[in-house]
Amino acid sequence: MTFSPSDPNEPSHAEPLQTPEPRLATREPLDDTHREHPRPALFAASLRHRAHHHLRRILLTVGTLTAIIAFLLILTTAWLRHAMRTSLPQLDGALHAPGLTLPVTVTRDAQGVPAIQASNLDDLLFAQGFITAQDRLWQMDTLRRHASGQLAEILGASMIEHDRLQRTLQVSEAADRAIAALPADQLHQLQAYARGINAFIAQNSGHLPVEFHLLHYTPAPWTPRDTLLVSLAMFQDLSTQFPVKLRREALATHLPTALLADLYPVGSWRDHPPTQPPPDLTTPVPEVEQIPLDRTQSQTTTPAELLNLSNQFPSLRCPECRAGSNNWTVAASHSASGAPLVSNDMHLALNVPSIWYEAGLHATATNTTPELNVTGFTLPGVPFVIVGRNQHVAWGFTNLGADVQDVRIEHLRGSGANLEFQRADGTWQPVTHHREHIVVRFGHDFDIDVLTTTEQLGAPTISTRAAGVTQIETPIITPLLPGEKRALSLAWTAYDPTTLVLPHLAVDTAPDGAAIVAALATFGGPSLNLIYADDHNHIGYHALGAIPIRGPATQHLRTLTAPLPTGSEPADEEDQLNDSDESNEAPTAQQPPPTALPSSKPTFDYTIGSPISPIPVDALDASQTWSGYIPFAQLPAIVDPPNGVLATANSRVQPDDYPYALALNWEPPYRTERINKLLVGRTGLTPADMLALQNDVHSEFDLVLAQRLAYALDHAKLPGDTKRLHQAADILRAWNGEVTPNAVAPSIIAAVRTNLWPVLLIPQIDAHDQRKHRTSDSVALATLYDWDEQSVALETLLQHTPKRWLPPGFANWDDLLINVVERGLRGAHAPADLSTWHFGSLYPVEINHPVFSAFPLFDHLLGTPTGTGPRITGGDGTTVKTIALHHGPSERFTADLSNPQITWGNITTGQSGNPTSPNYLDQFLPWLNGTTFPLPLNATQQTHTLTLLP
């Protein structure tokens, strides 16, 4: 068969399709000289068609997904708003509450504050639990979970570190031991309260607060133990100081001993202890004795580990975050009504909802219980009123801040089940193992083995508040510090079950001031300052709480020394700075020579027990074991002082000649000083004056610092941007000390304070470690400096300008301060024109919900704010109105004893924890703007009335 040539132009003779030769992508292209590529229009059209087809598919997919997302958002919004609405409590009509014996009436005012009227105490406490759960059930559940270390179970892996901390600290076990030792009448009261909470949970299982639905869990029944857990959470917030001791120990190994006394002052000449007459400033102030710093122990904990531990506690995260408060009372002779006034505002971490819940509680007297009529602030999860007033007495608290924690260096032998610890008496005892199971949502559950030792508290021959011998368990906390090589245990008064008592019924029904003091005689903690007044025109103060006596309760001759020399530098200072920290003898902080004592003989020229240790102590040191507690009758107390004013604000309440050691780490004295200055000598005072004082934003410390900085700027050669520095000097010099939102001087001062301590500390750490032929991260170590009276230390240094603190390269303190001002302005990105640098916009306050505020979308879904957002305000950590980003006055309270109806109070946000309630954030703007609401003993405004039926 033969083939004739074909015409390539004939369709019927088209050339067969040639399959291209397979080749790798990296080969050179084939010779295309014999191939044609016409790229016909049909092929281009096909490409366009495919592109359009893909685009349509993409648009269709995006549109479908958008529609699905929009539908889900609409569905979620509808569900969320419906769930919020259906979980709002019934406020009017009648509601059956199985567990009651007789009907209970609940009225609410416009702010949602309930007034509960019951025929007996059990029904009242049942109703209080029920009504509080209506508004705050999820908050109550998270409070008990926070204390017991069970937050990871609902919030996931982000809470593992928190739960590990709480389990290691054995907070839950402390509650177990305390509930077993609780007096029978108090246990009965907690049971009645718990029944009310559980009745609400059972009755509302289908429409619980929306947080339970979002997190897909239901609350466990409430128990009396849970009430103690909530109390322990507050105990922990107000008394945790052991990280400060660990940080001080770590920093002390990198500084000369001669400098440590400057860094850690104990009190100030500005202090106004309520039981001590106003100071005579011409006489020297004695310093509280401190024990030597023992640096012979090895510890390798890093600064990062210590900072991480501190940050686990809200009150230790920043200097302005300390759990504190103000309270004061003025005598009848100073008031416009002719009766005493009492005011209280407690400074705590700020959250939505508020930590406090306002309520009025009223119960008819029975054969076994007195009549109860009280109004004030309750702690959700705890029955009765904590701060408030009844017909005859008004009272308030501040944190005393007594040192009730010691870190002990244990001596161990053996391992595993055979591990033992050595007691101070030389005997060996087995270490107890506690298996803790931590549940992690969406994660892996795990177990930890917590070790505890036991400590003997007291002895039959010692007159202690806990009669006889008490055994307390102290956990080994070393696992909290991965780099730590020692076995460190924590002794804490909360581990003594006899300290966790709740005498609130006796407090709320007290007929006079003496009775309220007697009711609190068994109160173990946290340590508090009680201020009270009664309708017999008595005012008084009493320190509260179980405060340990270290070592035998024997007397020691008192030694008085001045805290800081006011003259020239000691001749042998260089020798002091170069002393060896590795000597066999534990070195002591170098103190200045004793000065002349006041001419009047002190009431007590002796001390009882050993000084408090500012650092961990050897567990075998008998002088640091707890022999008991300071007897209640010997705690600082006073009734009807001559000047007619009593005030506390967390600063030193220990009189100069007081024989017992209460604390080392007091809050600065500026708030207490300011309160006394504005009250002493005044007459005609009214509740409005009390509210104005609660909102006072004058800072004496900031004013002192501003004047000192202005002096330096005026008297030294200015480097860098001289125009801005001159403007800074003018602003500081003209400032009056008021930390208002529009003030500029506080912005400059805040920038300086941020930079001044590192500038002082880092060169000292470097020089000291170079002398010891070792290297260290001085920048990280400088961050370990943490002392409540930092401002007192700084004020003292600026007053005396000691050469030993002057860093190399600076001729004098004026040059140093100018450098810090320039550095601070640059680091804070201050504007060229400082007049626009307003304090309020730099340091706002913000109150958030722990769940809703983490997802801003919630505000849009609900159509209402779930948090406050940043808001401009005035004040800082040294003003009566103490404020920080998430910290401030958690309530404000004032009572006039002339009339039970003349009572005022407010909280930070609102009574309800439900964002759709009108009482969710309705108190925030009044709180922010410094106004308040009536809180009469007998409610006169009744917006809602609900009857709870058996």
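On a 1 Å grid over the protein atoms alone, a cavity is a set of points where a 1.4 Å probe fits but cannot get out, and lining residues have an atom within 4 Å of a point. Grid points are joined across faces, edges and corners, and the volume is the space filled by probe spheres set on the points. With that in hand, a search of the whole structure turns up 13 cavities of 30 Å³ or more.

Before we look inside, a word on the source: this is a predicted model, in which local features need pLDDT of at least 70 and side-chain atom pairs count only at pLDDT 80 or more, while totals for chains, interfaces and linings use all residues. Residues are numbered from 1 along each chain as its sequence is written, and side-chain values use heavy atoms, with hydrogens and water left out.

**The chain as a whole**

The protein chain has 25 helices and 31 strands; these are DSSP runs (helices H or I, at least four residues; strands E, at least two), numbered from the N terminus. Of its 950 residues, 57% count as buried. Here buried means under 20% relative accessible area, exposed means over 50%, and partly exposed is in between (1.4 Å probe, protein chains only). Contact means heavy atoms within 4.5 Å. Among contacts between residues at least 6 apart in sequence, 75% join residues at least 24 apart.

**The largest cavity**

The largest cavity holds about 420 Å³ of space. It is lined by 29 residues, and Met234, Ile386, Phe523, Pro526 and Leu528 are the closest to its centre. Helix H8 (224–239), strands S4 (324–330), S5 (341–349) and S9 (393–399), and helix H12 (504–508) each supply at least two residues of the lining. H8 gives the most, with five residues. By type, the lining divides into 22 nonpolar, seven polar and no charged residues. In this scheme Ala, Val, Leu, Ile, Met, Phe, Trp, Tyr, Cys and Pro count as nonpolar, Asp, Glu, Lys and Arg as charged, and the others, Gly among them, as polar.

Pro526, one of the residues closest to the cavity centre, also has a feature in its backbone: the peptide bond from Gly525 to Pro526 is cis, with omega near 5°. Pro526 sits in the loop between helix H13 (513–519) and strand S18 (528–534). Another cis peptide bond joins Val352 and Pro353, with omega about -5°, and Pro353 lies in the loop between S5 and strand S6 (357–363).

**Helices H2, H4 and H5**

Helix H2 (residues 121–148) and helix H4 (residues 160–168) pack at an angle of about 65°, with their axes 7 Å apart. Axes are lines fitted to C-alpha atoms, for helices over the stretch in contact, and angles run from 0 to 180 degrees between N-to-C directions. H2 and H4 are therefore roughly perpendicular to each other, the term for angles of 65 to 115 degrees. Arg145, His146, Ala147 and Ser148 of H2 meet His162, Gln166 and Arg167 of H4. These contact residues divide into one nonpolar, four polar and two charged.

H2 and H4 also take part in covering helix H5 (residues 171–181): its buried residues pack against H2, H4, helix H6 (184–203), H8 and strand S14 (432–438). Those buried residues are Val171, Ser172, Glu173, Ala174, Ala175, Ala178 and Ile179.

**Helix H21 and two positive phi angles**

Eight of the 11 residues of H21 are buried, so this helix is largely enclosed by the rest of the structure. Its cover includes helices H10 (257–263), H15 (670–679), H17 (700–715), H19 (745–771) and H22. Just after H21 comes Thr801 with its positive phi. The table sets Thr801 beside Phe442; neither is a glycine.

| Residue | Phi | Relative accessible area | Loop |
|---|---|---|---|
| Thr801 | about 40° | 26%, partly exposed | between H21 (790–800) and H22 (813–827) |
| Phe442 | about 60° | 80%, exposed | between S14 and S15 (446–457) |

**A buried loop residue**

Ile883 is found in the loop between helix H24 (857–862) and strand S27 (887–889), and is buried, with a relative accessible area of 5%. Leaving aside neighbours within four places in sequence, its contacts include Glu320, Val845, Asp876 and Trp927. Val845 and Ile883 are 38 residues apart in sequence and 7.3 Å apart in space, C-alpha to C-alpha.

Conventions
Angles under 35 degrees count as roughly parallel, over 145 as roughly antiparallel, 65 to 115 as roughly perpendicular and the rest as oblique. On a 1 Å grid over the protein atoms alone, a cavity is a set of points where a 1.4 Å probe fits but cannot get out, and a pocket is an open set with protein on both sides within 12 Å along at least five of seven lines; lining residues have an atom within 4 Å of a point.
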